[in-house]
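The exercises below are meant to be worked with the sequence and the model side by side. Try each task before reading the solution that follows it.

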Amino acid sequence: MEEQLKGLVSEITRFSTKDGPGIRTTVFLKGCFLRCRWCSNPETFTCEKMLFYIPARCKECGRCEQACPKGAISSDYQSPQRIDRALCDRCMKCVDTCMYHAFSCSGTEYTVDDIVRILERDAPFYGDEGGLTVSGGEPMFQGRFLKELFHESKSRGFNNILDTCGYGDTELLKSILPDVDMALLDLKAMDPELHRRWTGVSNEVILKNAEIITSSVKTRVSIPLIPGANDSVENIEATASFAKEHGVEWVDINPLHKLGAGKYGYLGLESPYDGFPDLPEEKVQEVVSIFERYGLNTTVGRMM
Ligand code: SF4
Ligand code: SF4
């Protein structure tokens, strides 16, 4: 029997009310093409298992040091840099060994059938509008798995939402969209150089794919509002203009938050947030009024 394709998932949130209309099951796939400097989900950067270490949970028993076959764990218990990540091969023996859950693994393999079983359990709560949302990372990073998942979900009658930054293989995207009911399209910056500076890639592919997405399925645009990065009047107006021209009715504005700061430390990464000033409320209101001037409905903080 042919082995089923597996997807690497960082998290599955059940009964979510923030990832599209209705009550939804949200699958966060690992892997992303972008490296947005404000990202609050660094565990989704790569499509591989990642090791979290939370020093505050450690009771200093030393068992993990003995269990690690690579000698990658020091006895500097309270240091976020306790693990030599160059030596670590992510065998996750430390996760199994620690009784206090100081170690954990981000990244679980699921088949499409595994996820469909979860959808079937959650289905009684979906009502008319709810269903499956696939987010990330960037879901298109695992595009083949995404396609199979949406196809199977749709064939069972579930409502599918794609939460995407728009980056990914255009032909694959076109083949996925017939099974998508709605897209949540994150537009981070309209100028290609600005986009490259803050996310690591130009937005040429994104804008091309955004045309295809908006002409194929109902689309809500979202914009992370990052002070000093993409909050200029010029960028907001360009985003509003693009949304309006492409038949979008709603824009979800997501002001910068720093809730992901702890995760960077647990992964042994430096927090990126020190360089970002706080976002004044007046700025958020200014952005809201620009979108409204273009005839767009807005929400602040992904509320549906
Ligand atoms: S096994 Fe857990 S509690 Fe013991 S030293 Fe390692 S991290 Fe700390
Ligand atoms: S995942 Fe394996 S190699 Fe890495 S620190 Fe834990 S026990 Fe060592």
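In which strand is phenylalanine 15 found? Before solving this, note that the model is predicted, that local features need pLDDT of at least 70 and side-chain atom pairs count only at pLDDT 80 or more, while totals for chains, interfaces and linings use all residues. Residues are numbered from 1 along each chain as its sequence is written, chains are lettered from A and ligands numbered from 1 in the order in which they are written, and side-chain values use heavy atoms, with hydrogens and water left out.

**Exercise 1: two residues with positive phi**

Solution. Phenylalanine 15 is found in strand E1, residues 6-16, where strands (E, at least two residues) and helices (H or I, at least four) are DSSP runs numbered from the N terminus. Its phi is positive, about 60°, although phenylalanine 15 is not a glycine. Phenylalanine 15 counts as partly exposed because its relative accessibility is 42%; buried means under 20% relative accessible area, exposed over 50%, and partly exposed in between, with a 1.4 Å probe and protein chains only. Now turn to arginine 90, which lies in the loop between H1 and helix H2 (93-97). Arginine 90 also has a positive phi, near 60°, in a residue other than glycine, and with 36% relative accessibility it counts as partly exposed.

**Exercise 2: the surroundings of ligand 2**

Determine which residues surround ligand 2 and how they divide by class.

Solution. Start with the residues near the ligand, that is, those with a heavy atom within 4 Å of it: among them are Leu51, Cys68, Lys70, Asp89, Arg90 and Cys94. Next, sort the shell, which divides into eight nonpolar, no polar and four charged residues; here Ala, Val, Leu, Ile, Met, Phe, Trp, Tyr, Cys and Pro count as nonpolar, Asp, Glu, Lys and Arg as charged, and the others, Gly among them, as polar. For comparison, the shell around ligand 1 has nine nonpolar, one polar and three charged residues, and of the 13 residues around ligand 1, Cys58, Cys61, Gly62, Cys64 and Cys98 come nearest.

**Exercise 3: the pairing of strand E9**

Find the strands that pair with E9, and decide whether E9 is enclosed or open.

Solution. First, strand E8 (residues 182-186) pairs with E9 in the parallel sense over five bridges, where two strands pair if DSSP finds at least two bridges between them. In this pair methionine 182 stands opposite lysine 218 in E9. Then consider strand E10 (residues 250-255), which pairs with E9 in the parallel sense, again over five bridges; there leucine 225 has proline 255 of E10 as its bridge partner. Finally, seven of the eight residues of E9 (residues 218-225) are buried, and therefore the strand is largely enclosed by the rest of the structure.

**Exercise 4: glycine 168**

Locate glycine 168 and state whether it is buried or exposed.

Solution. Glycine 168 lies in the loop between strand E7 (159-164) and helix H5 (170-176). With a relative accessible area of 8%, glycine 168 is buried. Leaving aside neighbours within four places in sequence, glycine 168 is in contact (heavy atoms within 4.5 Å) with Phe33, Met140, Val205 and Asn209. As a last step, follow the chain to phenylalanine 141, 27 residues apart from glycine 168, and note that the two C-alpha atoms are separated by 6.8 Å.
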